[in-house]
Amino acid sequence: MNTPMQTYDVLLFDGFSNHCLANAIEPLRAANMISGRDLYDWRYVTLDGATATSSSGLQVTPHGALPDTSGTMLLVMPSYGFREITGWGVTKHLRAAAGRYEHMAALDTGSWLLARAGLLDEVRATIHWEELESFSEAFPEIETVRERYVIDQNRITCSGAMAAFDLVMHLIGRDQGQLLAIEVSQLFMSNRPSGTHSEYRTTRDKFVDRALALMTENLEAPLPLAQLAKRAGCTQKSLERRIRSELGTTPQTVYRRLRLNLARKLVVETEQPILEVAYRCGYENASAMTRAFKAEFGCTPRSLRSVS
């Protein structure tokens with residue numbers, strides 16, 4: 001999959017949530033790192049280019065002012081104090097931005113601002129669930145639903161910080177391939193990455209989900225494919241077909257990439273000997289892991305460690 005780089009701009013208001021911001025942006029950073037490509041670029045913006053201060057006092061100096069930006073997606077992130085963000089100026093800026101961005105997304109309480117600007121008319125939408133009832137009453141023309149996130153046409157609404165992680169993981173899987181989303185999920189030690197908005201599913205296939213969970217749980221001592229399939233609840237032939245249908249590759253390739261991603265993490269973040277890293281990732285010796293590592297990442301573990 002060779003998609004052009006996507007630009008995600010985050011529109012911050014005073015009182016924004018650090019948690020929500022990190023959950024939206026960190027998976028994008030991880031996707032770039034794991035893929036070794038610039039899949040995503042992101043910027044922080046405010047209405048006027050002034051510094052924004054989070055609810056816990058973190059100050060963010062933006063890259064610019066909203067009227068000067070455009071891109072793939074604008075994420076509107078007011079969080080606390082959203083009811084005080086009023087006035088024709090806010091509405092005007094958001095309506096103008098809708099013409100410069102391919103997608104408009106509202107995180108946490110951002111749905112309120114998009115709704116007030118008329119940018120959620122005739123679409124399904126959600127908001128932080130504490131505000132769901134009042135939002136529905138204030139904007140009866142919007143089909144309000146209690147879901148973690150909703151994607152309807154080129155409008156996206158999301159209910160909160162944890163849901164923001166689920167949303168971005170879904171977008172990575174949709175746009176860059178489900179295998180990369182699984183690898184990003186593994187990096188964050190999450191078992192609830194990128195499936196649908198209604199339940200935590202890694203793929204659309206429960207047997208593939210089970211197999212992926214078993215792979216992740218058995219990186220140090222990889223399971224033979226026949227045993228993996230049996231424990232996942234299907235035949236080996238069925239599992240091979242299902243994984244190829246969901247992920248576009250073989251079970252062996254998925255398993256190897258999960259093991260090598262762990263190896264790369266251990267090489268960069270620890271001082272464990274390369275032989276110990278190899279054992280922890282299911283390789284009998286360092287030479288075998290080094291060959292697989294170089295084939296996957298284009299460098300050896302030692303050379304990567306020397307530049308980290």
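The accessible surface of the protein chain comes to roughly the figure one can quote as about 14,300 Å², and carbon and sulfur atoms hold 49% of that area. This is a predicted model, so every value here is computed from predicted coordinates. Turning from the surface to the interior, buried residues account for 53% of the 308 residues in the chain.

As for overall build, the protein chain has 13 helices and eleven strands. Its radius of gyration is 22 Å, close to the 19 Å given by the globule rule for 308 residues, so the chain is as compact as a globular protein of that length. Laid along its principal axes, the C-alpha trace spans about 65 × 45 × 35 Å. Contacts across the sequence fit into the picture too: of the contacts with a separation of 6 or more, 63% are between residues 24 or more positions apart. For a sense of scale within the fold, take Glu147 and Met289, which sit 142 residues apart in sequence and 43 Å apart in space, C-alpha to C-alpha.

On to charge. The chain carries 34 positive and 35 negative charges, and the mean positions of the two sets are 9 Å apart. A search of the whole structure turns up eleven salt bridges, and a few of them are worth walking through.

One of these pairs is found in helix 1, which covers residues 18-35. Here the side chains of Arg29 and Glu26 meet in a salt bridge, at 2.7 Å from N to O. The two residues are three positions apart, about one turn of the helix. Neither end is hidden away: Arg29 counts as partly exposed at 31% relative accessibility, and Glu26 is also partly exposed, at 29%.

Another bridge links Asp166 with Arg148, with the closest N and O atoms 2.8 Å apart. Asp166 belongs to helix 5 (residues 161-176), while Arg148 is in the loop between strand 9 (143-144) and strand 10 (149-152), so this pair ties together parts that are 18 residues apart in sequence. Both partners are out of the way of solvent by the cut-off of under 20% relative accessible area. Asp166 is buried with a value of just 4%, and Arg148 counts as buried at 18%.

Arg174 and Asp175 make a further salt bridge, and again the closest N and O atoms are 2.8 Å apart. In this case the two ends fall into separate classes: Arg174 is partly exposed, with a relative accessible area of 40%, whereas Asp175 counts as buried at 14%. Elsewhere, salt bridges that share partners join Arg124, Glu143 and Glu147 into one network. Of this trio, Glu147 lies in the loop between strand 9 and strand 10, and Glu147 is buried, with a relative accessible area of 18%.

Then there is a charged residue that goes without a partner. Arg264, found in helix 10 (residues 251-269), is buried yet has no salt bridge. The nearest side chain of opposite charge belongs to Glu183, and that one is 6.6 Å away. With the salt-bridge cut-off set at within 4 Å, the pair therefore does not qualify. Leaving aside residues up to four places away in sequence, Arg264 touches Met33, Ile34, Phe293, Phe297 and Leu304.

Finally, the backbone has a couple of spots to look at, both with a positive phi in a residue other than glycine. Glu122 has phi near 65° and sits in the loop between helix 3 (110-116) and strand 8 (124-125). The residue is exposed, with a relative accessible area of 73%. Gln153 has phi near 60°, and its place is in the loop between strand 10 and strand 11 (155-158). Gln153 is exposed as well, with a relative accessible area of 61%.

Note on methods: Residues are numbered from 1 along each chain as its sequence is written. This is a predicted model: local features need pLDDT of at least 70, side-chain atom pairs count only at pLDDT 80 or more; totals for chains, interfaces and linings use all residues. Side-chain values use heavy atoms; hydrogens and water are left out. Helices (H or I, at least four residues) and strands (E, at least two) are DSSP runs, numbered from the N terminus. Buried means under 20% relative accessible area, exposed over 50%, partly exposed in between (1.4 Å probe, protein chains only). The radius of gyration is taken over C-alpha atoms; the globule rule is 2.2 Å times the number of residues to the power 0.38. Contact means heavy atoms within 4.5 Å. Accessible areas come from the Shrake-Rupley method with a 1.4 Å probe; for residues, only the protein chains shown count as cover. Lys and Arg count as positive and Asp and Glu as negative; His and the chain ends are not counted. The place of a charge is taken as NZ of Lys, CZ of Arg, CG of Asp or CD of Glu.
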